[in-house]
Amino acid sequence: MELDFERCYRAVDSRDQRFDGWFYTGVTSTGIYCRPSCPAMTPKRQNVRFFPSAAAAQGAGLRACRRCRPDAAPGSPQWDVRADVVGRAMRLIADGVVDRDGVPGLAGRLGYTERHLHRMLRAELGAGPLALARAQRAQTARTLIETTELGMAEIAFAAGFGSVRQFNDTVREVYGTAPSELRTLPGRRPAAGGAGTITLRLAYRPPLHAAALLDFLAVRALPGVEEVRDGTYRRGLRLPHGPAEVALTPVDGHVCATLHLADMRDLAPAVARCRRLLDLDADPEAVDATLAADPALAPAVRAEPGVRLPRAVDGFEMAVRAIVGQQVSVRSARTTLTRLLQTAHPTPTPDLRPVDQEVLVHESASPGHEPLDRQDEGWGGGAQAGGGLRGFLTAAEVAGLPDAAFGMPGGRRETLRALARAVVDGEIVLDPGGDRQETVRRLLAVPGIGAWTAGYVAMRALGDPDVFLPTDLAVRRGGAALGLPDDPKTLEPYADRWRPWRSYAVIRLWRAA
């Protein structure tokens, strides 16, 4: 990745937080690397190098700044936007694929040899897949050290390290101190929620229109899986090593996140999925600048800056929602899905969380997280509401349900079963590392899935920022409300002016409707 020195240096000199996560500033005179918005004195030009990733900076022998904590910067928005192999690889690494399956597993998922994948990542990011995964392991380890009372050996393996020695060496190299010394830093407070509980904050690039996110999720919330209450979104997750629950509360400057994990090895994938769900790595200023250039959308953008694209923690879940939602209202789709879930799981799942302790927000760090050194008002008590939330059904579970469980026309039921079988067999990949174009092509080959359904899945499950749904009734109504043409044949070519952010335009049209 080419980094223009003058542009990067101006961003550092102005401490522009919009560039946090886009690149990292290495200071050769001090041996540290920082985020662009680091409040320290601007280093001299001759002492500065710029890196496209934290792993590249670490590979150059630099350690993370303890003041600005560059490992807590939001992720680069290009990894969510880009549909190429490097973008897909970065999304899979963030989801912990290298830790679980190694580099061969990552290369196999992407359809490339290990050597060629390494070459591509080195050219773009200055580091190979192992180095990128190692940087993430270090960030995960720091979070566990600072937010739990786990022993160092337990943390080492939970963070994905192959040995305690490798863990010790990496932490010393990345943070310039021993793991035990990180645990004694001022302001550290372990989570009060019990074993398996981690509380941290998720960074994002402002602005963030939190109300739009919560409104969208609340209308579609499925009982037993998710809920929105008192400004907090809670849901159950199915993670690689076990179930989990998460509570997400947007506040000024960050999102408070409390994770209740059955297995600490799931910390990195849980965080990656929460960030993806809330679209926290987006560049809202770039999106809004494009949409605001259209006079029809400009007033809405000025009134509500930072509207995000709600995505998904589970691609299969989103595909099921899309199929059930064909040609019916959101309320009707929610009722059908609720019946499906209740039939599949008639008994409530046990609550993973203790209910007799207040959840404290404390200092922590991990990819996209920043330290908290105070308790946020209104957070502690709210985290105990609800409970018993579980993840959505798996593809295998849906494929095995009896006819009576579906409560929908036979054709739609068979479409769901065909999708489930294709996912189980690996014919359709709905995770963030899938090839978007290939996935859409295979979705369209499933009987009962048309352009609207495939587009909806691409937008929310695969995170494609440039999907438009011209036949969607709410999109047409929103267009009419803003004085735009509401005929699909006219509206679709009009929407070309919103590229490459048409998915965000869809969200705004839905709000206008």
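How much space lies in the largest pocket? In this predicted model, the largest pocket holds about 940 Å³ of space. Its lining is made up of 35 residues, and those closest to the pocket centre are R220, V328, V330, W452 and D472. Several helices take part in this lining: α11 (210-219), α15 (315-324), α16 (330-344), α20 (451-460), α21 (473-481) and α23 (502-512) each bring at least two residues to it. The most generous contributor is α11, which gives five residues to the lining of the largest pocket.

A step back to the whole chain helps to place this pocket. The protein chain contains 23 helices and ten strands. Of its 513 residues, 57% are buried. About 20300 Å² of the protein chain is exposed, and carbon and sulfur atoms account for 51% of that area. The contacts also tell a story about the fold. When contacts between residues at least 6 apart in sequence are considered, 71% of them join residues at least 24 apart.

Aromatic rings offer a friendly way into the details. The count of aromatic pairs comes to twelve. One of them is formed by F23 and F50, whose ring centres are 5.4 Å apart; their planes stand at 90°, so the pair is edge-to-face. An angle over 60 degrees is what earns a pair that name. This pair links distant parts of the chain, as F23 sits in the loop between α1 (5-13) and β1 (24-27), while F50 belongs to strand β3 (residues 48-51), 27 residues apart. Both F23 and F50 are buried. A further edge-to-face pair is made by F161 and F167, with 5.7 Å from centre to centre and 65° between the planes. Here too, both partners are buried, F161 as well as F167.

Rings can also gather in groups. F23 and F50 belong to one aromatic cluster together with F5, Y9 and F19.

Charged side chains meet rings as well. R142 lies over the face of Y175, at 4.7 Å from the ring centre. In another part of the sequence, R497 lies over the face of Y494, and here the distance to the ring centre is 3.6 Å.

Terms used:
Residues are numbered from 1 along each chain as its sequence is written. This is a predicted model: local features need pLDDT of at least 70, side-chain atom pairs count only at pLDDT 80 or more; totals for chains, interfaces and linings use all residues. Side-chain values use heavy atoms; hydrogens and water are left out. Rings of Phe, Tyr and Trp (its six-membered ring) pair if their centres lie within 6.5 Å; planes under 30 degrees apart count as stacked, over 60 as edge-to-face and the rest as tilted. Helices (H or I, at least four residues) and strands (E, at least two) are DSSP runs, numbered from the N terminus. Buried means under 20% relative accessible area, exposed over 50%, partly exposed in between (1.4 Å probe, protein chains only). A charge sits over a ring if NZ of Lys or CZ of Arg is within 6 Å of the ring centre and within 35 degrees of the ring normal. Contact means heavy atoms within 4.5 Å. Accessible areas come from the Shrake-Rupley method with a 1.4 Å probe; for residues, only the protein chains shown count as cover. On a 1 Å grid over the protein atoms alone, a cavity is a set of points where a 1.4 Å probe fits but cannot get out, and a pocket is an open set with protein on both sides within 12 Å along at least five of seven lines; lining residues have an atom within 4 Å of a point. Grid points are joined across faces, edges and corners, and a volume is the space filled by probe spheres set on the points.
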